[in-house]
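Me: I'm new to this structure and would love a close look at a single part of it. Could you pick one acidic residue and walk me through its surroundings, then show me how the rest of the model fits around that picture?

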Amino acid sequence: MSRGSMTVRVARWSATHPWRAIGLWMLLVVVAVGLMIAVPKQATKAEDTWTGQSGTASELIRAAGLEDKPGETVLLTDPDGPLDRAAATTAFAQLQQKLAAVDAVDTVGEPIWAENGKAALLPVTLKGNADDAADNVDKVLAATSEVQQANPSLTIAQAGEASLDQGIWKQVGADLARAEKISLPLTFVLMLLAFGALIAAGIPVLLAFSAVGAALGFYAPLSYLFPDGGSVANVVLLIGMAVGVDYSLFYLKREREERQRGRSTVDAVEIAAATSGHSVVVSGLAVIVSMAGLYVAQDPVFSSMATATIVVVAVAVLGSLTVLPALLVKLGHRVDRPRVPLLWRLNRRIGPGGISRRLLAPVLRFPKVALGLSIVAVVALAVPALGMKTEPGGLSTLPQSIPEVRTMTALQQNFPSEGMSYDVVAKGNDAVTGLTEVRRAAVASKEFVVTPGSEIRQAGDTAVLTLVSVRPDTSEDARAALDRLRDDVVPSALSSVQWAVGGQSAQSVDYGQHQRDQLPYVIAFVLVLTLVMMAATFRSLAIAVVTTLLNLASVAACFGVLSLVFQHTWAEGLLDFTSPGFVVSWIPVFLFVILVGLSMDYHVFVLGRIREGVQAGLSPREAVRKGITESAGVVTSAAAVMVSVFAVFATLGMMEMKQMGVGLAVAVLIDATLVRIVMLPSILVLLGRFAWWPNKLSAARPAATDDRELVSV
């Protein structure tokens, strides 16, 4: 990439107009934050995730006006043993009085006593629809809390769809705050270790954090097209901090390297723009292309994640190309101040690639042996992925630290009829007659029960029967029971009418199946586009194929570790979770696109350095040695930042975030060590100049080593 490239022109403008570049960046961030404040972020609605047979059932129910009113349940238990009926009766009277006075409450039912004598419940119906219930559930919770305070000998707790959703969102907010509190100082410490100077360490963290804030702001208006499925803020922080720091790190390291060679700050910035700057653009485009694969899944949650991630990556790339050169020029040599004496001396003593040079030596000496051993290691890690089980998240994957989750669990344990429900919908002249037969057969199977007082609801020629599964919602038995209901019980009784089986549990099953069905298309889209992109970038089909194979190796190892950790119990104490026995269904799809994108982050940077050596006339072996060792410091620091940020998410309460954090941390660790230090160099050495086929790289002219005619990726 010559000095006239786009990245160099942008860097030159920023370097010659530093205050304008800094001011424009600050204006960008302020405008974005203003958007976040002024434009309310939109969330996905229930109908956005309707799919399959359960989606058809929901549409039939809504068209007939047979939707259930939102409800909450108040559960009474005695922590010391069997429920004191007299004390519970008194508490129920207080609850009925308090709840009836709440304007959001429609009706308060009569107490229902558990057959085991350990619990009792009070059903509460709320006014309006689900959105109204979400807005008003705080009032109901407050009334329940007052009665709890008046009856300390009992445990009085509330659960329902609205209160459970609120509890989940509180947990997500707490997790996000915890991640911010830990990841920011941790990232700064890692940058301090990498640079040995406070200002140099602070710049990447500051730019990454500002990119995260700006991205959240720009996503707010975009949420009207791609509403938030609940994970946008977490994903933006997760990916934004990782790539934001890495892109600044690439640029800073190269600029500092050129200054140490005696070049002026402006020249060093231009060389960094021509090399690392271009790598940043290619890496950013790779992440964007990979994330675009989530749109192929045709899922609103994935679409929101893809949109937010694309925005934060684009903002991070923009910052590294504009405001970063301006800051470097204004600071000059002061960027290496104030120095931390011990860390500064340690960095100087180790030198660039000091550790990796020792690790790389045997790989270059015995490439066949190194490649063989690394393949065995990756295969060993990947084998457990063959037994990976994926299921939608449910009550069993929610942390017990959420009060409403504990209440819902206790409710289902004491009242089987309050478990996960299925709506059997029939539309036709014989709908009620057919549903009556369905109810008889389903109850006789002993796999379903009917809530006491629940009747077949009818409007026009549409009728609905609600059945409750006696199995845990994410168990294989529950899935098998649903299959029998759909394949045998309902078709035999409703052969002459239109029918569908829906409900919350069925929606989870259909949603998970939809994601599994779309996974091959997502994989094909991402692999083909990234392969084409790498072939175009390096003008080498061999490099593109090798890159694709290495990405698949990293992903396979990641999936294997996920299966080992979350489908078994050995890591429960280590990561503070209860194994659900499966991986949440959307995690593999998301991890695949993220890992392919992030692996390109430093892969492009490393290959660029290796190609510089080949073009400078070095032998393939020497070019690999030089490229790997010279980029080792950057790659190690970048990987350390990613692993640390992702590992923070592995400590959070939500199972999805925990699985995402473990998967990403392990994959990046494997990718930056085993894959990039062993597999990649051994393959390139064995291929020799054929690695760049069909492009015949010619050695650069001696003048090309000058910063004015530098050749890079």
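Reply: In this predicted model, the side chain of Asp175 comes to 3.2 Å from the backbone nitrogen of Met654. Met654 is also among the residues that Asp175 touches, along with Leu652 and Gly653, leaving aside residues up to four places away in sequence. Asp175 itself sits in helix α6, which covers residues 161–195. Is Asp175 buried or exposed? Asp175 is buried, and it has no salt bridge. The nearest side chain of opposite charge belongs to Arg178, 6.0 Å away, whereas a salt bridge would need a distance within 4 Å.

Now let's step back to the nonpolar parts. The largest nonpolar core holds 172 residues, and Tyr251, Leu294, Trp586, Phe590, Leu591, Phe646 and Met660 have the most contacts inside it. Helix α21 (residues 586–615) supplies the largest share of this core, with 19 residues. Apart from it there is another core of 24 residues, including Leu76, Val137, Leu154 and Ala162. Leu294 makes a nice example from the largest core: its contacts beyond four places in sequence are Phe302, Met305, Ala306, Val589, Phe590 and Val593.

A word on confidence, too. The protein has an average pLDDT of 86, and 94% of the residues score at least 70. Among its elements, helix α14 (residues 367–382) has the highest mean, 95, and helix α12 (residues 341–350) the lowest, 64. Over residues 699–713 pLDDT stays under 50, although the model has 40 contacts beyond four places in sequence for them. Where pLDDT is low, predicted coordinates should not be read in detail.

Note on methods
Residues are numbered from 1 along each chain as its sequence is written. This is a predicted model: local features need pLDDT of at least 70, side-chain atom pairs count only at pLDDT 80 or more; totals for chains, interfaces and linings use all residues. Side-chain values use heavy atoms; hydrogens and water are left out. Helices (H or I, at least four residues) and strands (E, at least two) are DSSP runs, numbered from the N terminus. Buried means under 20% relative accessible area, exposed over 50%, partly exposed in between (1.4 Å probe, protein chains only). Lys and Arg count as positive and Asp and Glu as negative; His and the chain ends are not counted. A polar contact is a pair of N or O atoms within 3.5 Å; within protein, one must be able to donate a hydrogen and the other to accept it, and residues adjacent in sequence count only if both atoms are side-chain atoms. Contact means heavy atoms within 4.5 Å. A nonpolar core is a set of buried Ala, Val, Leu, Ile, Met, Phe, Trp, Tyr and Cys residues joined through side-chain atoms within 4.5 Å. pLDDT is the predictor's confidence in each residue, from 0 to 100.
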